[in-house]
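Subject: Structure handover, pockets and core

Hello,

Here is the structure for your pocket work. Please load it first, then read the notes below.

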Amino acid sequence: MIPLARRLQELAPSATLEVLNAAAARRARGLEVVDLGPGEPDYPTPEPIRAAAIEALDQGFTHYTPAGGTRELRAAIADNVNRRYGSAYPAAEVVVGAGAKQVLFNIFQVLLDPGDEVVLAAPYWVSFPAMIETAGGRVAAVLGRAEDNFTVHAAPLLERVGPKTRAVVINSPCNPTGAVMPPAELERLVDGLAGRPVLLISDECYEPFVYDGAPVSAAQYAGRARERMLVAYSFSKSYAMTGWRIGYGIGPRHLIDAMINLQSHSTSNPNSIAQQAALAALNGSQQSVTEMVAEFKQRRRLAMERLGRISALTCVEPAGAFYLFVGVGKLLGGELRDDVAFAARLLEQDGVAVVPGTPFGCPGFIRLSYATSRELLLRGLDLLDQFAKRYQASR
Ligand code: PLP
């Protein structure tokens, strides 16, 4: 067999995609699956956005665009962020990629040399360690406290910054915990990194999904920290556009230029039609976003009420995103060796798909998504209750 490159031998497939595959295999056998795994809204892309894509096609907007995105889209993105957060980013400090995933993948590629370290707030999005390690970096994870609902604080992250640290990564609202970083902590982190050659990478892909209070962005500190932060956003969740693959990063010009350069040699520009659709999303009415967020807030309440009646599980109400990070520690042991076995058994026995906490850097938990209909959500939680009772009784 032809050997793989050494740096890729350790690369595990995305745990969230594994759940999707296991659920699909079960469905193919004709069995029910209540999918509480999805990392995407159960909404169609709003009609005006779809119409803009059709118009782009009809007008023949089907050719290469500049690798970092069209001038119009980059300018609209800069204007949008500046208007909302009082920053003054020029369009040249914006890169549009095939999803925020490409933007985040590229930032580590242009930033890290072998052995460089990245301080990563945990629980973290599953792709961060793979991105960092594929770029030759090492992860220094800083795990939040469950009792504190995994709120990210500046002090423990700053304490981990050492001579080899090149970046600190935060994600608020967080996938998987739903935690929103308090503005005071974010400000402390921004200021605590001042004068150090360390980039703050703020993944804000779930930005509008904040249920108690207004969205917070690192961009609001751009006035004093523009040169040392990269903020990543996505159209995927806000506009139910996961399949279109459009996200963007805003950051220092030399890093943005390097990312565009890298992108120009890998995927070239993000899809031209999707870029026009994204432009329409930004410039159009935001009513669909408001409505979706309001519905998700209702689902969060429903799910928390139902979960509160499952005594063997623990969960603190998260302030954002569309996930619940549920502690299953009281049920572990025996056949349910760990959270990975828990998720596998739950799917096998009761047909509920969830993602285990281990790949998020936090064993003993599972992630439930409420980006699914109320009916399916409640059905999934009933089945989870049944599963928990069965294992509680057998202990
Ligand atoms: N960051 C986080 C925390 C995510 O959960 C995701 C997607 O699930 C992404 C980034 C990437 O989003 P996309 O590439 O679809 O823009």
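Helices (H or I, at least four residues) and strands (E, at least two) are DSSP runs, numbered from the N terminus. This is a predicted model, where local features need pLDDT of at least 70, side-chain atom pairs count only at pLDDT 80 or more, and totals for chains, interfaces and linings use all residues. Residues are numbered from 1 along each chain as its sequence is written, and side-chain values use heavy atoms, with hydrogens and water left out.

**Domains**

The chain is divided into domain 1 (6-44 + 287-394) and domain 2 (47-283). The bounds come from an automatic or database domain assignment. The C-alpha centres of the two domains lie 26 Å apart. Across the boundary, 34 residues of domain 1 are in contact with 30 residues of domain 2. Contact means heavy atoms within 4.5 Å.

**Pockets**

Some terms before the values. The search runs on a 1 Å grid over the protein atoms alone. A pocket is an open set of points with protein on both sides within 12 Å along at least five of seven lines. A cavity is a set of points where a 1.4 Å probe fits but cannot get out. Lining residues have an atom within 4 Å of a point. Points are joined across faces, edges and corners, and a volume is the space filled by probe spheres set on them.

The largest pocket holds about 660 Å³ of space. Its lining has 28 residues, and Gly-39, Lys-101, Trp-125, Lys-237 and Thr-242 lie nearest the centre. Helix H2 (15-28) and helix H5 (99-111) each supply at least two lining residues. By class, the lining has 11 nonpolar, 11 polar and six charged residues. Here Ala, Val, Leu, Ile, Met, Phe, Trp, Tyr, Cys and Pro count as nonpolar, Asp, Glu, Lys and Arg as charged, and the others, Gly among them, as polar. Domain 1 and domain 2 each give at least three residues to this lining.

The second largest pocket has a volume of about 540 Å³. Of its 20 lining residues, Leu-11, Ala-12, Pro-13, Val-126 and Ala-130 lie nearest the centre. Helix H1 (6-9), H2, H5 and helix H6 (127-134) each supply at least two. H6 gives the largest share, six residues. The lining divides into 12 nonpolar, three polar and five charged. Both domains give residues to it, so this pocket lies between them.

**Cavities**

There are two cavities of 30 Å³ or more. The largest has a volume of about 60 Å³. Its lining includes Leu-120, Trp-125, Phe-128 and Ile-170. Strand E3 (117-122) and strand E5 (165-171) are the elements that give two or more residues to it. E5 has the largest share, three residues. The lining has 10 nonpolar, two polar and no charged residues.

The second largest cavity holds about 50 Å³. Among its lining residues are Ile-170, Met-181 and Glu-204. Five are nonpolar, three polar and one charged.

**Core**

The largest nonpolar core has 133 residues, of which Phe-108, Leu-189, Phe-342 and Leu-368 touch the most other members. It draws at least three residues from each domain. A nonpolar core is a set of buried (under 20% relative accessible area, 1.4 Å probe, protein chains only) Ala, Val, Leu, Ile, Met, Phe, Trp, Tyr and Cys residues joined through side-chain atoms within 4.5 Å.

Regards

Definitions and conventions
Buried means under 20% relative accessible area, exposed over 50%, partly exposed in between (1.4 Å probe, protein chains only).
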